[in-house]
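Colleague: Thanks for making time for this one. Could you walk me through it, a step at a time?

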Amino acid sequence: MEPILTVTGLTKKFGPLVAVNNLSFTIKKGDVYGILGPNGSGKSTTLGIVLNVVNKTSGSFQWFNGGTTTHQALKKVGAIIERPNFYPYMTAVKNLKLVCKIKEVPEAKIEEKLELVGLLERKHSKFRTYSLGMKQRLAIASALLNDPEILILDEPTNGLDPQGIHQIREIIKKIAAQGTTILLASHLLDEVEKVCSHVVILQKGKKLYAGRVQDILATHGFLELRSSQEDALLRYLKEHQWFGKIKNNNGLITAFLNAKVNAEDVNRSLLEKGIVLSHLVKRKESLEEQFLALTQNTPKQS
């Protein structure tokens with residue numbers, strides 16, 4: 001697929017602070033790409049640079065394979081990088097009509113976009129009557145009025161209640177299913193794991209990982225085990241090449257796998273050793289566990 005955005009060696013310094021440090025990644029058409037990291041990791045700064053609102057210190061980025069200027073390229077981009085800022089005493093429709101005038105796009109798409117974000121029935125309600133989640137959904141509708149090739153969202157579910165978070169995530173999935181490329185910055189591991197196809201993980205401006213979400217999750221997983229013969233079980237696990245790191249939390253033993261292993265084979269092998277299990281579950285490592293492993297293995301910066 002053709003590149004939508006290519007970032008190469010991007011660096012941004014604010015005095016002695018290095019906010020973005022030699023960052024490179026490529027977003028291809030159809031990707032749902034997450035920039036994941038804690039607050040202060042450089043996510044918003046990176047978005048600001050590619051949207052031409054923050055000046056880079058060094059490195060480069062190009063839109064649409066370099067075939068157009070950044071100014072022209074940004075006409076094909078929809079973005080929400082701040083809290084929604086509409087006129088409170090105007091209705092949703094009137095606010096969006098104003099956005100159409102500013103963007104110089106026809107008003108014909110307004111109802112279609114309101115329906116996409118689930119606000120068509122509230123189109124004549126004033127913005128001040130909207131909940132925080134509804135305001136965020138209106139902002140997404142606004143960003144889609146020019147039918148952008150890529151939609152950029154900075155922490156789109158920040159501050160929302162669980163229902164609001166769910167609604168925004170479902171809308172993002174719906175937009176992606178229609179073929180729009182999405183770049184999403186988030187500090188929520190769960191969000192990236194549920195919504196994104198690709199991820200770049202940042203810590204203090206440095207890239208720890210870039211690639212497909214499913215690739216970072218493609219480990220052999222781990223087993224959860226419990227037995228009244230706890231000491232014998234632990235000895236077995238530590239002596240067997242199938243297992244790597246082992247954790248014991250009040251008798252619930254977690255054994256990370258070094259190879260592709262069937263839980264049934266483990267159970268059979270333990271029975272042959274006379275060890276009976278009262279609990280055995282095989283699980284995949286979550287993005288959270290992978291993220292923690294990456295960040296803990298990174299040397300701390302002074």
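Modeller: Happy to! One definition before we begin: two strands count as paired if DSSP finds at least two bridges between them. Keep in mind that this is a predicted model.

Colleague: Good to know. Which residue of β2 is the bridge partner of Lys13?

Modeller: Strand β1 covers residues 3-14 and pairs with β2 in the antiparallel sense, over eight bridges. Within β2, the residue bridged to Lys13 is Val18.

Colleague: Nice. Which strands stand at the edges of the sheet, and why is one side of each left without a neighbour?

Modeller: The sheet is open, has three strands with antiparallel pairing, and runs in the order β2-β1-β4. Each edge strand has a single partner, so one of its sides lacks a neighbour in the sheet; these strands are β2 (17-28) and β4 (58-63).

Colleague: And what angle does the direction of α1 make with that of β1?

Modeller: Helix α1, residues 43-50, packs on the sheet and touches β1, β2 and β4. Seven of the eight residues in α1 are buried, among them Leu47 and Ile49. The angle between the directions of α1 and β1 is about 115 degrees.

Colleague: Turning to the interior, which residues have the most contacts inside the largest nonpolar core?

Modeller: That core has 47 residues. Ile140 touches Ile80, Val117, Leu151, Leu153, Ile168, Ile171 and Ile175, leaving aside residues up to four places away in sequence. A second, separate core of 26 residues includes Ile4 and Ile49. In the largest core, the residues with the most contacts are Leu138 and Ile140.

Conventions:
Residues are numbered from 1 along each chain as its sequence is written. This is a predicted model: local features need pLDDT of at least 70, side-chain atom pairs count only at pLDDT 80 or more; totals for chains, interfaces and linings use all residues. Side-chain values use heavy atoms; hydrogens and water are left out. A nonpolar core is a set of buried Ala, Val, Leu, Ile, Met, Phe, Trp, Tyr and Cys residues joined through side-chain atoms within 4.5 Å. Buried means under 20% relative accessible area, exposed over 50%, partly exposed in between (1.4 Å probe, protein chains only). Contact means heavy atoms within 4.5 Å. Helices (H or I, at least four residues) and strands (E, at least two) are DSSP runs, numbered from the N terminus. Axes are lines fitted to C-alpha atoms, for helices over the stretch in contact, and angles run from 0 to 180 degrees between N-to-C directions.
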